[in-house]
Amino acid sequence: MIDAIDHIGIAVKDLDEAIHVYRDVLGFKLEEVHTFNERMLKIAFFSLGESRIELLQPLSPDSTVAKFLATRGEGIQHLAVKVKNVEATIEEFKSKGVVLVDEKPRLGVGGNKIAFVHPKSTRGVLLELVEKP
Ligand code: CO
């Protein structure tokens, strides 16, 4: 069901500064930058072989990323894995008692379908399921 790591999400306070660090200092390849008003986030993706790094800056204190920054500070916020079918994975996990943040998929970058699994069920890691279009 779980195919591979799609990306690692890193919460940052200032996306422009973080892009400067990852691209210009560390040498990661910047792929795309998005403003996601529905999710109150600014996002940058860097390619890293077959997987990617996602930097996330909250645009509102109500964003879950803002809450993460307030309690944990900057750092790895979620792990995203590829699945063939998000709905089927949600149903399978629900039947096994896994706690989900999203009981229905939502729309991610590039038409991806995504859903989050609660850290309660993953030993403390917010897990994002990603289905590519
Ligand atoms: Co993500």
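This passage describes the cobalt site and the largest pocket of a predicted model.

The cobalt ion is bound through four residues: the NE2 atoms of H7 and H78 and OE atoms of E54 and E128 serve as donors, at 2.0 to 2.1 Å. Along the chain, these donor residues follow the spacing H-x46-E-x23-H-x49-E. H7 belongs to strand β1 (residues 2-11) and H78 to strand β5 (residues 75-83), so this pair ties together parts of the chain that are 71 residues apart in sequence. The angles subtended by the four donor atoms around the cobalt ion run from 85 to 171°. A tetrahedral assignment would require all angles to lie between 85 and 135 degrees, and the arrangement is therefore classed as irregular.

Both histidine donors were examined for solvent accessibility. H7 is buried, its relative accessible area being 2%. H78 is likewise buried, with a value of 1%; the cut-off for this class is under 20%.

The largest pocket encloses about 420 Å³ of space. Its lining consists of 21 residues, of which T64, V65, Q77, F116 and L126 are the closest to the pocket centre. Two elements, α2 (64-72) and β5, each give two or more residues to this lining. Helix α2 provides the largest share, with four residues. Strand β5, which also carries the cobalt donor H78, is the other element in this group. Classified by residue type, the lining of the largest pocket is made up of eleven nonpolar, six polar and four charged residues.

Definitions and conventions:
Residues are numbered from 1 along each chain as its sequence is written. This is a predicted model: local features need pLDDT of at least 70, side-chain atom pairs count only at pLDDT 80 or more; totals for chains, interfaces and linings use all residues. Side-chain values use heavy atoms; hydrogens and water are left out. Donors are N, O and S atoms within 2.8 Å of the metal (3.2 Å for Na, K and Ca); water is not among the atoms, so sites may look incomplete. Four donors count as tetrahedral if all angles lie between 85 and 135 degrees; four count as square planar and six as octahedral if opposite donors are over 155 degrees apart and all others between 65 and 115; anything else is irregular. Buried means under 20% relative accessible area, exposed over 50%, partly exposed in between (1.4 Å probe, protein chains only). On a 1 Å grid over the protein atoms alone, a cavity is a set of points where a 1.4 Å probe fits but cannot get out, and a pocket is an open set with protein on both sides within 12 Å along at least five of seven lines; lining residues have an atom within 4 Å of a point. Grid points are joined across faces, edges and corners, and a volume is the space filled by probe spheres set on the points. Ala, Val, Leu, Ile, Met, Phe, Trp, Tyr, Cys and Pro count as nonpolar, Asp, Glu, Lys and Arg as charged, and the others, Gly among them, as polar.
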